[in-house]
Amino acid sequence: MPVMTVEHQRLIENEKKAVPLVTWGPYLSERQWATVREDYSPDGDAWHYFPFDHAHCRAYRWGEDGLAGISDLFQNLCFGVALWNGKDPILKERLFGLGNFEGNHGEDVKELYYYLDNVPTHTYMEYLYKYPQQEFPYELLRNENRTRTKLDPEYEILDTHVFDDNQYFDILVTYAKYDDEDICIKINVHNRYYENAHITVLPTLWFYNRWSYTEDFTRPSISFVNKNCVQTTHPRLGNHYLYFLDANDRLFTENETNTAIITGEPNKNIFTKDAFHTAIIKKKNITALRNKKEGTKFAAVYKLNIAAGETKTIYCRFSNNHIKKPFGYGFEEIFKTRKHEADDFYAAILPKGLNEDVANIQRQAIAGLLWSKQYYHFDVERWLTTSDGITPVSNTKATGRDSEWTHLKNQDIICMPDKWEYPWYAAWDLAFQTISMAVADAGFAKHQLLLIMREWYMKPDGQLPAYEWNFSDVNPPVQAFAALQVYYIEQKQTGKGDVQFLKKIFQKLLINFTWWINRKDRYGNNIFEGGFLGLDNIGVFNRSFNSKGTVQLEQADGTSWMGMYALNMMDIAIEIALHDNSFEDTATKFFEHFVLIAEALNEHHLWNAEDKFFYDVLSMPGTDPLPLRIRSIVGLSPLFAVSNITPDERNKLSDFKKRIGWFENYRKKNNKFWPNEERGEQGEILLSLVRKERLPHLLEYLLNENEFLSSGGIRALSKFHENNSYSVTLEGVGYTIQYDPGDSTSNMFGGNSNWRGPVWMPINYLIIQSIRKYGKFYGDSLLVECPVGSGIKMNLEEVADELTKRVISLFEKDEEGKRKIYGDYNWFYQKPGNENLILFYEYFHGDNGRGLGASHQTGWTALVAELISEYGGKL
């Protein structure tokens, strides 16, 4: 029986809701500016249309952002923290980062912040922000990065020296709930410097501005009650109260655009979104803001002088009840109680026997994943046909970006890949996120998978939205794989699988699978395309290219993903059929799909007999097919399609057993291809795209440290190409690819991601799961050398364990207390108080494991949490 903690009891109650979410949570974005939603420009240049410099004074159209913030489910009302160190030109209300055109490797946040703790119902949350006492180096970061090339490393905030000598504040924001409508807030401000320092802290409450864009919308209000309380009134939320201890000031303004700055038009009055900046920094209009007793944005102002090494605390309480003594008996105790309950929850769900460091890594990975929940609002039809009040409706938008997605009307809480760098959902990122989410909250994980299949997401023809920059792009179809993983994780936790969930998602996946068959198999030969397939610059050229002639790119990974998809659908159908035999025929159908796809992959020149590797192939009329001889994960992707069918499953599903027997006899009798199928000693069957005789060749590449194997996992591109670049000419244009283990040196897909050598967590997770399946079937009958040249022989389950250890080692401390992910910045993370802070980067350097790209990609990088759960006490 699973352990039943207080948090588990809350989750049980939560799952009874139509949507398994609490009303208040960390749903506030960390970057709303420069998103596609806020872009009303005729040319689709989101980064220039709504830059960071507008964010403090320009009202958003489709959502809000803030620092360490929370909001309700529909982001009507938001709470966050604003700061001023007495030197900055603006208040620190939101995280700063470079736009895509400003960074030498694209957009990048330039801040230090950490998701320390969270639980699924958000009854306890911790967020740490590090704020320099010197002037924040906005222009230095911009100017230095602009001068750097793609070949140079990024200039990070730790390079600016503002954190040298510990001259900064630790701002620790903690939320602890009495219940979902009564939230206690503690803001600890710790001076890390050896001298006293001044700081102004503004706990801030504001409404999302819907009234400017929605007809007949009743304007909400925040109104003065007394010197320690304001009341909020909203037509949907009703009344709430923010309580706060004695402050130096209390200011009101409106969440309205400062038109004098943005458009040059005079403001109607001084009460604009940026009024607090003007009052605190420029000392202007402060009396008017103080005397204004009602508005849509409010802040209590605390001016603190903090001695060296001292901590000062600000308390607030947000509630739907009028409380006479909001900070009375039990207030401080609730933080201890909820922290203890969070400890109990993680003790119950995490493996026993983990060392302290690994347990901390896993807990922060899950905490980051929970913090990544965000309110996402986007009505494409309305976006295309209305104005933001600044730019008139553009006719070019009617046929431009996302114009084919007018049915898409999203207004949900969704897991973001990274709430600053990627504050929008991505179809395959989300699928991987649900796997790790299931470790902590299987109910929400299932909800997320089903949500993206709903009719306000999925296109009527069955296509899933990729991401807002181009909903029509194609990501790998991993939703069926994720659904199975979530199902099995929950089954392991509770002893019972949710077959009803599988039935629900299976029906929607059928529609999506059919879209793939009809749209991405151009010639009906089971050779699938799909373009870049989420792998950005993995190809020698942009694989989403539109050929001027009749060139066709036959994709080994596109075909492999579909083979995997077919097997995943078969596995789901089998699992359901064990409880409802009406699904047995469907299992047979997907088995036959898999056979045909396996035939195409293995018989249609995608396998290169000379190199013993799978390649993409260019087919052009009048010439022989041209294999693109690039050793990348494209050629390893056939490993992903593997399934084990147990004797028990076959015996219980007699019609399925009979049909596949007939199909095998028919194809063999007529000399047709039959995929790798082997019966073990107990009658189990292994189905895979990779034939047994080819498997050792792929594993030899995979486990060679001069090819794919690094100290931190499997590289996306073989190290072979470090000294052996590959070039091809297509339609008169030359292209070259080589091994780039670090940041991207190309501009493809914005230039902020690199698949030409680094280690990527989702690919490693898929490889590990696949090899483990092979290992369970073959056991010690198949041994390989790992690493190649070491003389050490392992079975494939041991290989999976070895790969898991290498991936986890990216985050672990070594004997010197250093972590691979931090590279040259370990000096900062070895300082007292910083030793246990973990960042979950987007990808990792192929040679040394240093973290690269987005720094809070607890989207799919949180998969390390599930790997730790699987590996458990072996660490």
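**View 1. Helices α11 and α23 are oblique to each other****.** That label follows from how they pack in this predicted model: the angle between α11 (residues 427-451) and α23 (residues 863-871) is about 50°, so the pair counts as neither roughly parallel nor roughly perpendicular. Their axes sit 8 Å apart, and the crossing is left-handed. On the α11 side, look for Phe-432, Ile-435, Ser-436 and Val-439, which meet Leu-863, Glu-866 and Ser-869 of α23. Sorted by class, the residues of this contact come out as four nonpolar, two polar and one charged.

**View 2. Helix α11 also packs against α9, and here the two are roughly perpendicular****.** The axes of α9 (residues 356-371) and α11 come within 10 Å and cross at roughly 110°. As for handedness, the crossing of α9 and α11 is left-handed. From α9, the residues to find are Ile-366, Leu-369 and Leu-370, and they meet Gln-433, Ser-436, Met-437, Val-439 and Ala-440 of α11. The contact of α9 with α11 is made up of six nonpolar and two polar residues, with no charged ones. Ser-436 and Val-439 may look familiar: they meet α9 here, and they are also among the α11 residues that meet α23.

**View 3. Helices α12 and α14 cross at roughly 40°****.** The axes of α12 (residues 479-494) and α14 (residues 556-577) come within 8 Å. At that angle, α12 is oblique to α14. The crossing of α12 and α14 is left-handed. From α12 come Ala-480, Phe-481, Leu-484, Tyr-487, Tyr-488 and Gln-491. Facing them in the contact, α14 supplies Met-564, Tyr-565, Asn-568, Met-569, Asp-571, Ile-572 and Glu-575. By class, that gives nine nonpolar, two polar and two charged residues for the contact of α12 with α14.

**View 4. Cys-57 and Cys-415 have no disulfide partner, and the structure holds zero disulfides****.** Why is Cys-57 not in a bond with Cys-78? The sulfur of Cys-78 is the closest cysteine sulfur to that of Cys-57, but at 18 Å it is too far for a bond, given that a disulfide needs the two sulfurs within 2.5 Å. Cys-57 is buried, with 0% relative accessibility. Cys-415 is in no disulfide either, and the nearest cysteine sulfur, again that of Cys-78, is 18 Å away. Is Cys-415 buried or exposed? Cys-415 is buried too, with a relative accessible area of 3%.

**View 5. Ser-809 is a buried residue in helix α21****.** This helix covers residues 796-809. Ser-809 has 17% relative accessibility, which falls under the 20% cut-off and therefore counts as buried. Which residues does Ser-809 touch, once those up to four places away in sequence are set aside? They are Ser-711 and Lys-820.

**View 6. Val-3 lies in the segment before α1****.** Helix α1 itself covers residues 6-14. Leaving out neighbours within four places in sequence, Val-3 is in contact with His-8 and Ala-348. For a sense of scale, compare Val-3 with Leu-112: the two are 109 residues apart in sequence, and 36 Å separates them in space, C-alpha to C-alpha.

Technical notes: Residues numbered from 1 in each chain as written. Predicted model: local features only at pLDDT ≥ 70, side-chain atom pairs only at ≥ 80, totals over all residues. Heavy atoms only, no water. Axes fitted to C-alpha atoms, helices over the stretch in contact; angles between N-to-C directions. Helix = DSSP H or I, 4+ residues; strand = E, 2+ residues; numbered from the N terminus. Parallel < 35°, antiparallel > 145°, perpendicular 65-115°, else oblique. Left-handed = near helix turned anticlockwise from the far one by under 90°. Contact = heavy atoms within 4.5 Å. Nonpolar A, V, L, I, M, F, W, Y, C, P; charged D, E, K, R; others polar. Buried < 20%, exposed > 50% of the residue type's maximum accessible area, 1.4 Å probe, protein only.
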